[in-house]
Amino acid sequence: MKKLNSQLDRIQSSGKPGFMMHMVAGYPDLKRSEKIATQILESGAALLEVQIPFSDPVADGPVIARANELALKNGVTVEGSLLVIERIAASTEKPILIMTYFNIIQNYGVEQFCKRAAEIGVQGLIVPDYPYDEEQDNSLIKYSHENDLALIQVIASTSRADRINEIVKHASGFIYCMARTGITGRKTDINLQTIKYLESVRASSDLPMAVGFGLSERSQVQELKNYAQIMVVGSALIKEYADIPIDKGLQQIKKFMIGLIDV
Amino acid sequence: MDYKTTIINKDGHFGSFGGRYVPEVLVPIMDDLRDAFFEAVEDENFIGELQKLHRTYTGRPTPLYHCENLSAKLGGAQIFMKNEGLLHTGAHKINHCLGQALIAKRMGKKRVIAETGAGQHGLATATVCAKFGLDCTVYMGAKDYARQRPNVFWMEQLGATVVPVTDGDQTLRDAINAALRDLISQPEETHYLLGTVCGPNPYPSMNTYFQKIIGEEVRTQIEDQTGGTPDYLIACVGGGSNALGLFYDFLDDEHVKMIGVEAGGKGVDGQEHAARFQCGSVGVAEGFKSYFLQNSDGQLSSTHSISAGLDYAGVGPQIAYLQESKRVKFSYALDREVMSAYQLLARTEGVFAALESSHAVAEVIKLAPSLKKDQSIVFNCSGRGDKDLFIVTKELEDAGFKSFLAEELAELEKGSGTS
């Protein structure tokens with residue numbers, strides 16, 4: 001977690017939001033996804049969240065779900081994804097996080113997965129279908145901790161106060177706030193309710209806060225930057241390079257990120 | 001052993017199976033549903049309304065019928081059929097649809113969503129939504145949407161919006177994922193009427209509760225007819241709702257043996273089947289931990305069965321628990337065995353069982369001859385078979401039906417439209 005914590009410190013002291021960009025390992029294929037990672041990191045991302053594709057990605061919207069599906073159709077395996085993630089992590093000082101669904105981890109073996117992730121230089125895990133109350137039979141929080149991985153806790157705008165207080169007890173690294181009810185990839189209107197929600201999370205934890213789900217425009221970043229330190233962008237970025245030749249895709253990533261980040 | 005208290009419980013874990021593996025946004029939605037459900041079943045008015053509607057609307061109790069001809073033909077145990085196919089909409093699915101619709105109403109929800117494979121659960125959902133004036137959206141894999149046009153038509157006639165899902169394999173799993181995504185995007189106003197004993201807590205416990213009436217009726221009926229309890233209970237297992245419905249009331253009767261029958265498809269050595277306990281492993285998907293057909297990475301497999309209702313990669317978590325604790329034994333029936341069972345029941349007893357339920361019949365055919373004449377088997381005829389008209393006529397290569405369809409089509413194209 002060293003790389004992660006020092007990056008979070010840098011973001012905090014800069015006074016500007018840091019961007020965590022999301023991508024799917026093996027989409028459109030393993031080789032090109034590695035190039036995409038490099039481009040994202042060079043274009044100003046502060047953190048990179050690499051998803052290991054899963055056949056049933058319920059928490060993802062249509063854009064990311066399709067990227068998962070296409071990656072799997074192209075034969076991408078967990079091992080292949082981990083090898084790409086290893087190379088990405090070795091190439092940068094910026095923290096790399098793995099996002100995936102719990103079934104991938106449980107089939108690999110929870111302890112083995114956490115060990116391997118740490119070995120390949122990953123700083124943390126984001127597992128959207130693993131609420132902390134399933135810890136007893138699975139020990140993902142335990143093994144993440146033992147392997148110095150941040151297991152990023154997610155809070156939703158529907159989460160109630162007592163639940164938020166429980167979730168933050170298990171949090172490490174930063175807290176991931178979903179900015180809206182809803183699946184990833186649909187534009188979020190930032191309203192008073194969103195702000196109130198972020199403020200209530202702020203009041204319950206001292207950890208840095210990331211906000212995501214539906215971010216695609218600079219205007220949204222402007223509105224949110226006083227409430228959260230990390231902006232998460234996923235679907236909007238994938239849309240930029242989906243279904244076009246890789247060279248053009250890489251240019252699009254750069255253009256999109258310049259437009260978004262330079263706040 | 002106290003299986004009954006384990007199988008319906010508020011916490012939603014059954015041994016290490018079950019749980020509530022959902023994105024955080026759904027946690028309060030599932031918790032509210034759980035609380036509303038466990039409160040409702042303590043409320044006499046709720047139970048009274050449910051019972052009344054079962055008498056007046058769905059058609060309960062359903063008969064327990066002694067299949068004397070089939071018993072004589074097989075020359076062993078006495079065979080009894082619990083005929084859930086006689087229910088309104090033709091299958092046991094209406095039991096949990098009615099129950100959940102009453103819960104949705106009680107919670108003040110205006111909108112109901114559901115997934116469906118072949119369309120039977122979607123049809124039962126659309127039916128109760130029409131009755132209770134609830135807005136209804138049914139998600140259906142695009143492949144199922146195309147090949148189950150009659151059910152799509154009926155759902156639309158009942159006022160439901162049927163949405164074809166073009167993700168993934170375009171079948172039941174994708175429909176479940178689409179329904180979950182819908183719920184995630186509009187959680188407050190929506191009730192997700194999940195159609196089997198799968199999914200996150202409280203669905204397995206809740207649907208078991210609404211289905212357990214099947215076994216409760218059987219207990220009284222078999223007592224009346226034989227003076228005792230059955231020796232064997234047999235049911236097909238897709239998600240597991242009709243099986244748990246039959247088994248639940250007898251779980252703590254140690255001497256009652258139970259067999260669940262999975263879809264063996266074209267054989268369990270290949271990929272074209274849905275036999276989770278033959279070839280699956282423990283996994284977590286669609287919100288719960290159970291047995292799934294999946295590869296070594298944990299990617300869920302495509303499945304096959306002649307009966308759409310059993311064509312699913314996962315199985316309910318309570319079912320996995322009962323398998324692990326050896327309370328229920330599991331076997332499978334191949335597509336071709338299912339077709340012969342379907343025909344044998346029709347010719348000996350004059351009953352068309354759904355192809356799903358015909359899996360149970362196939363097991364009865366294998367088991368009955370090995371038992372004594374004073375032993376009894378109860379199998380669940382969970383649905384009636386007329387819904388399978390198009391599949392069965394195709395399997396049997398019925399020439400008359402083919403020319404009938406051709407003539408109908410010609411007639412339509414001529415523009416008469418009044419056939």
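Here are some friendly notes on the predicted model above, taken point by point.

1. **Where the two chains meet.** Let's start with the contact between chain A and chain B, to which chain A gives 32 residues and chain B gives 29 residues. On the side of chain A that touches chain B, the elements giving two or more residues are α3 (62–73), α5 (102–108) and β6 (153–155) of chain A. Which of them gives the largest share? That is α5(A), with five residues. By class, this side of chain A holds 16 nonpolar, nine polar and seven charged residues.

2. **A helix pair in chain A.** Two packed helices are described by the angle between their axes and the distance between the axes. For helix α2 (residues 30–42) and helix α12 (residues 246–261) of chain A, the angle is about 25° and the axes are 9 Å apart. Since angles under 35 degrees count as roughly parallel, α2(A) is therefore roughly parallel to α12(A). The crossing of α2(A) past α12(A) is right-handed. If you would like to look at the side chains, α2(A) brings Arg32(A), Lys35(A), Ile36(A), Gln39(A) and Ile40(A) to the contact, where they meet Ile246(A), Leu250(A), Ile253(A) and Lys254(A) of α12(A). Sorted by class, that contact has five nonpolar residues, one polar and three charged.

3. **Two domains in chain B.** The domain assignment splits chain B into domain 1 (14–55 + 91–207) and domain 2 (61–90 + 213–393). How many Å separate the centres of the two domains, taken over C-alpha atoms? The separation is 23 Å. Across the boundary, 34 residues of domain 1 of chain B are in contact with 39 residues of domain 2 of chain B. On the domain 1 side, at least two residues each come from β2 (17–18), α5 (93–106), α6 (120–132), α9 (172–185) and α10 (203–211) of chain B. That side of domain 1 of chain B is made up of 15 nonpolar, 14 polar and five charged residues.

4. **α5 and α10 of chain B.** Both of these helices appear in the list for the domain 1 side, and they also pack on each other. The axes of α5(B) and α10(B) come within 8 Å and cross at roughly 115°, which means that α5(B) is roughly perpendicular to α10(B). As α5(B) passes α10(B), the crossing is right-handed. Asn95(B), His96(B) and Gly99(B) of α5(B) meet Asn207(B), Phe210(B) and Gln211(B) of α10(B). The class count for this contact is one nonpolar, five polar and no charged residues.

5. **The four-stranded sheet of chain B.** Strands of a sheet pair through backbone hydrogen bonds, either parallel or antiparallel. Here the pairing is parallel, in an open sheet of four strands with the order β7-β6-β5-β8 (chain B). Why is one side of β7 (161–165) and one side of β8 (190–192) of chain B left without a neighbour in the sheet? These strands stand at the edges and each has a single partner strand, so one side of each has no neighbour there. From one strand to the next, the twist averages 25°. Strand β5 (residues 111–116) of chain B is joined to β8(B) by three bridges, and Val112(B) has His191(B) as its bridge partner in β8(B).

6. **The six-stranded sheet of chain B.** A second open sheet has six strands in the order β3-β4-β14-β9-β10-β13 (chain B), and its pairing is mixed. β3 (64–66) and β13 (328–334) of chain B are the edge strands; each has a single partner strand, so one side of each lacks a neighbour in the sheet. The twist averages 25° from one strand to the next. Inside the order, strand β9 (residues 232–236) and strand β14 (residues 376–381) of chain B pair in the parallel sense over three bridges, with Tyr232(B) opposite Ile377(B) in β14(B). Helix α16 (residues 355–367) of chain B packs on this sheet and touches β4 (78–83), β9, β10 (257–265), β13 and β14 of chain B, and the direction of α16 makes about 140° with that of β9(B).

7. **A hairpin to finish.** Strands β11 (residues 281–285) and β12 (residues 288–292) of chain B run antiparallel and are joined by five bridges. One pairing to check is Ser281(B), whose bridge partner in β12(B) is Phe292(B). Two residues lie between the strands of this hairpin, and Glu286(B) in the turn has a positive phi of about 50°.

Key: Residues numbered from 1 in each chain as written. Chains lettered and ligands numbered in written order. Predicted model: local features only at pLDDT ≥ 70, side-chain atom pairs only at ≥ 80, totals over all residues. Pairing = 2+ DSSP bridges. Contact = placed C-beta atoms within 7 Å. Nonpolar A, V, L, I, M, F, W, Y, C, P; charged D, E, K, R; others polar. Axes fitted to C-alpha atoms, helices over the stretch in contact; angles between N-to-C directions. Parallel < 35°, antiparallel > 145°, perpendicular 65-115°, else oblique. Left-handed = near helix turned anticlockwise from the far one by under 90°. Domains from an automatic or database assignment.
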